[in-house]
Amino acid sequence: MVTSRADNSNPARIPALGARLVVFLVLSIILMVLDQRQNHLDTVRKAIGAAVYPLQVIVDAPFRMWEWMGEATTSRHDLRLELSRLEAEKLLTNARLQRMTALEAENARLRALLEARAQVRDEVRVAEIMSVDANPYRHNIVLDIGQREGAYDGQAIVDNAGVIGQVIEAGFATSQAMLISDPSHSLPVEVNRNGLRTIANGTGEFGRLNLPFVTNNADIRPGDLLVTSGLGGAFPAGYPVAVVENVVRIPQEPFADVTARPAASLDQVREVMLIWQAQADAPEEPEPDNE
């Protein structure tokens with residue numbers, strides 16, 4: 001009897017559950033159609049979203065707290081590594097900036113040499129100073145041009161400002177030169193204002209030349225420009241050499257005490273020009289008269 005009652009009750013429940021499913025399914029379809037076409041459920045959706053937002057914040061709070069604690073508790077070792085990397089980048093950037101400054105200065109010097117070269121009628125070639133004599137009493141330099149480029153002993157050297165010196169020993173690939181400030185160097189010059197000729201001797205100081213053979217009554221004054229006279233054949237005529245700084249006329253002495261400052265910065269020059277003097281055109285020989 002018990003078994004038959006249980007079996008009779010199960011078929012009654014199945015239609016009820018199916019009816020409920022059908023009702024809910026039809027209701028869902030009706031709600032979706034209404035919401036799609038007329039947006040009747042926007043208010044309900046917003047209200048549900050506002051009610052659920054605090055729960056979302058509460059659920060997300062542990063994850064945000066963990067992330068914040070991870071950022072705030074970055075190890076000291078990592079910070080030191082980052083600081084070391086930034087300092088290395090800073091040093092590298094400063095080194096590059098210094099190199100750029102040096103390149104800009106070199107570019108300016110080369111432009112000045114090119115401008116001076118355009119004003120020189122003689123053949124010239126730019127050379128770079130490779131080394132400087134360490135002896136303070138000898139003002140000698142080594143150039144990166146030698147006999148293979150045509151350099152020769154006694155060749156004149158100038159820069160964009162004036163005369164630098166001359167080659168004293170031309171090797172195969174390099175040349176040794178003497179600056180006009182060397183104590184053993186003498187250079188024939190003349191006063192550009194009136195053509196007065198004299199000799200300019202080196203004193204061992206980069207910024208001073210001595211003119212020992214200027215008489216007391218000679219027409220020379222501070223500010224006069226001294227240029228090469230062309231005598232002796234080593235230096236072409238007309239190149240700036242120095243500017244007269246001081247003239248002291250000594251009574252009862254045959255010569256005045258005259259000093260001058262070189263036109264070129266002898267202790268700062270990096271690039272120079274070697275001069276090959278232009279040969280004067282030989283006069284044409286008249287053709288013999290056959291008549």
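Start with the greasy middle of this predicted model. The largest nonpolar core has 44 residues, and the members that touch the most others are L143, V272 and L274. Strand β12, covering residues 271-276, gives the most to this core, with 5 residues. As a general point, nonpolar side chains in soluble globular proteins tend to be buried together. Pick out L274 and look around: leaving aside its neighbours within four places in sequence, L274 is in contact with a long list of residues, including L143, I145, A151, I157 and V167. That list also has E123, V124 and R125 in it.

Now zoom out for a moment. The chain has 3 helices and 12 strands. Of its 291 residues, 25% count as buried. The chain exposes about 20500 Å², and carbon and sulfur atoms supply 57% of that area. What about contacts between parts of the chain that sit apart in sequence? If you take contacts between residues at least 6 apart, 57% of them join residues at least 24 apart.

Next, find the barrel. Six strands close up in the order β6-β7-β8-β11-β10-β9, with antiparallel pairing. Neighbouring strands of this sheet are turned by 40° against each other on average, direction ignored.

You can walk along part of that barrel strand by strand. Begin with β6 (186-191), which pairs with β7 (residues 197-202) in the antiparallel sense over 5 bridges. Within this pair, S186 has N201 in β7 as its bridge partner. The two strands form a hairpin with 5 residues between them, and G195 in the turn has a positive phi of about 80°. Step on to β8, which pairs with β7, again in the antiparallel sense, over 2 bridges. Here N201 turns up once more, with N210 in β8 as its bridge partner. The hairpin of β7 and β8 has 6 residues between the strands, and in it G204 takes a positive phi near 90°. From β8 (residues 209-211) you can cross to β11 (residues 257-262), an antiparallel pairing over 3 bridges. N210 links up on this side too: its bridge partner in β11 is T259.

The loops deserve a look as well. Where does Q252 sit? Q252 is in the loop between β10 (240-248) and β11. Most residues other than glycine have a negative phi. Q252 goes against that habit, with a positive phi of about 65° although it is not a glycine. Is Q252 buried or exposed? Q252 counts as exposed because its relative accessible area is 84%, and the cut-off for that label is over 50%.

S181 makes a nice contrast. S181 lies in the loop between β5 (175-179) and β6, yet S181 is buried, with a relative accessible area of 0%. What does its side chain meet? The side chain of S181 makes a polar contact with the side chain of H139, at 2.6 Å. Leaving aside neighbours within four places in sequence, S181 is in contact with several residues, among them H139, G202, G204, F206 and L266. So G204, the glycine with the positive phi in the β7 and β8 hairpin, is one of the residues that S181 contacts.

Finally, go to D133, in the loop between β1 (123-132) and β2 (140-143). D133 counts as partly exposed because its relative accessibility is 28%. Leaving aside neighbours within four places in sequence, D133 is in contact with R138 and N140. Its C-alpha atom is separated by 9.8 Å from that of M178, 45 residues apart along the chain.

Methods
Residues are numbered from 1 along each chain as its sequence is written. This is a predicted model: local features need pLDDT of at least 70, side-chain atom pairs count only at pLDDT 80 or more; totals for chains, interfaces and linings use all residues. Side-chain values use heavy atoms; hydrogens and water are left out. Helices (H or I, at least four residues) and strands (E, at least two) are DSSP runs, numbered from the N terminus. Buried means under 20% relative accessible area, exposed over 50%, partly exposed in between (1.4 Å probe, protein chains only). Contact means heavy atoms within 4.5 Å. Accessible areas come from the Shrake-Rupley method with a 1.4 Å probe; for residues, only the protein chains shown count as cover. Two strands pair if DSSP finds at least two bridges between them. Axes are lines fitted to C-alpha atoms, for helices over the stretch in contact, and angles run from 0 to 180 degrees between N-to-C directions. A polar contact is a pair of N or O atoms within 3.5 Å; within protein, one must be able to donate a hydrogen and the other to accept it, and residues adjacent in sequence count only if both atoms are side-chain atoms. A nonpolar core is a set of buried Ala, Val, Leu, Ile, Met, Phe, Trp, Tyr and Cys residues joined through side-chain atoms within 4.5 Å.
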